[in-house]
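Visitor: I have the sequence and the coordinates open side by side. Could you walk me through them, starting with the aromatic rings?

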Amino acid sequence: MIKGIHVAYIHSPNQKLADWYSETLGLKKGYGDDHWQDFEFDQGSRFGLDFIGYPSSTVQKQSIMISFQVEDIHAAVESLALKGVRFYPDNDKSKTIFDVGPTLVATIEDPDGNFIQLSQIKRNNE
């Protein structure tokens with residue numbers, strides 16, 4: 001089910017941070033808008049910055065988000081629901097998949113209360 005990993009900093013609304021990662025570390029900018037900046041890597045990994053405002057949600061209070069890439073997010077959510085996985089925001093699997101720019105995400109909670117996400121890069125027709 002899992003085919004890759006993405007990491008995002010959930011950060012204050014400091015868009016200049018993206019320039020620092022690009023200009024200082026040499027990361028190649030990918031998709032970006034007023035709320036998000038993606039960085040591209042040759043090996044298929046992804047790193048992103050989430051420019052949040054306040055107040056932040058329960059998930060956004062966590063400063064880093066690990067996202068496991070899946071091929072079919074709907075099938076992954078169904079499979080995990082059968083295993084009793086807890087979904088955010090209200091453990092209703094029908095309300096857990098969100099469209100966030102170039103990606104569909106579903107947030108789940110591990111047994112220690114850490115939030116992680118499943119992500120699917122949107123296809124052309126989504």
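Visitor: How many aromatic pairs are there?

Guide: This is a predicted model, and the count in it comes to five aromatic pairs. One of them is formed by Phe-39 and Phe-47, a stacked pair whose centres are 5.6 Å apart and whose planes make an angle of 25°.

Visitor: Are Phe-39 and Phe-47 buried or exposed?

Guide: Phe-39 is buried, with a relative accessible area of 1%, and Phe-47 also counts as buried, at 11% relative accessibility.

Visitor: And what about the rings of Tyr-88 and Phe-115?

Guide: Their centres lie 5.5 Å apart and their planes stand at 75°, and because an angle over 60 degrees counts as edge-to-face, that is how the pair of Tyr-88 and Phe-115 is classed. The pair links distant parts of the chain, since Tyr-88 sits in strand E6 (residues 86–88) and Phe-115 in strand E9 (residues 115–121), 27 residues apart.

Visitor: Why is Tyr-88 called partly exposed, while Phe-115 counts as buried?

Guide: The limit for buried is under 20% relative accessible area; Tyr-88 has 21% and is therefore partly exposed, whereas Phe-115, at 10%, counts as buried.

Visitor: Which residues do ring pairs link into a cluster?

Guide: The cluster consists of Trp-20, Tyr-21, Phe-39 and Phe-47, linked by ring pairs.

Visitor: Back to Tyr-88 for a second. What kind of peptide bond joins Tyr-88 and Pro-89?

Guide: The bond between Tyr-88 and Pro-89 is cis, with omega at about 20°. Pro-89 itself belongs to the loop between E6 and strand E7 (97–100). As background, most peptide bonds are trans.

Visitor: Let's zoom out. In what order do the elements run?

Guide: The protein has two helices and nine strands, and from the N terminus on they follow the order β-α-β-β-β-β-α-β-β-β-β. Of the contacts with a separation of 6 or more, 51% are between residues 24 or more positions apart.

Visitor: How much of the protein is buried, and how much area does it expose?

Guide: Buried residues make up 33% of the 126 residues, and the protein exposes about 7,700 Å², of which carbon and sulfur atoms supply 51%.

Visitor: Which residues make up the largest nonpolar core?

Guide: That core has ten residues, namely Val-70, Ile-73, Ala-76, Val-77, Leu-80, Phe-87, Leu-104, Ala-106, Ile-108 and Leu-118. Helix H2 (73–82) and strand E8 (103–109) are the elements that give two or more residues to this core, and H2 contributes the largest share, with four residues.

Visitor: What does Ile-73 touch, leaving out residues up to four places away in sequence?

Guide: With those left out, Ile-73 touches Ile-97, Leu-104, Val-105, Ala-106, Leu-118, Ser-119 and Gln-120. Apart from the largest core lies another core, of eight residues, among them Leu-17, Ala-18, Leu-27 and Phe-39.

Visitor: And Val-77, where is its place?

Guide: Val-77 is in helix H2, and it is buried, with a relative accessible area of 3%. Beyond its neighbours within four places in sequence, Val-77 is in contact with Phe-87, Lys-93, Thr-96, Ile-97 and Ala-106. Its C-alpha atom is 9.0 Å from that of Ser-94, a residue 17 positions apart from Val-77 in sequence.

Visitor: New topic, pockets. What is the volume of the largest pocket, and which residues lie nearest its centre?

Guide: The largest pocket has a volume of about 610 Å³. It is lined by 31 residues, and Trp-36, Asp-50, Val-100, Val-105 and Gln-117 are the ones that lie nearest its centre.

Visitor: Which strand gives the most to the lining?

Guide: E4 does, with five residues. At least two lining residues each are supplied by strand E1 (2–11), strand E3 (36–40), strand E4 (46–51), strand E5 (64–70), E7, E8 and E9.

Visitor: One last spot: Ile-10. Which strand is it in, and is it buried or exposed?

Guide: Ile-10 lies in strand E1 and counts as buried, at 11% relative accessibility. Along the chain Ile-10 and Ile-52 are 42 residues apart, yet their C-alpha atoms are separated by 7.0 Å.

How values were computed. Residues numbered from 1 in each chain as written. Predicted model: local features only at pLDDT ≥ 70, side-chain atom pairs only at ≥ 80, totals over all residues. Heavy atoms only, no water. Buried < 20%, exposed > 50% of the residue type's maximum accessible area, 1.4 Å probe, protein only. Contact = heavy atoms within 4.5 Å. Areas by Shrake-Rupley, 256 points an atom, 1.4 Å probe, with all protein chains shown as cover. Phe/Tyr/Trp six-rings, centres within 6.5 Å; stacked < 30°, edge-to-face > 60°. Core = buried A, V, L, I, M, F, W, Y, C linked by side-chain atoms within 4.5 Å. 1 Å grid on protein atoms, 1.4 Å probe; cavity = no way out; pocket = protein on both sides within 12 Å on 5 of 7 lines; lining within 4 Å. Points joined across faces, edges and corners; volume = space filled by probe spheres on them.
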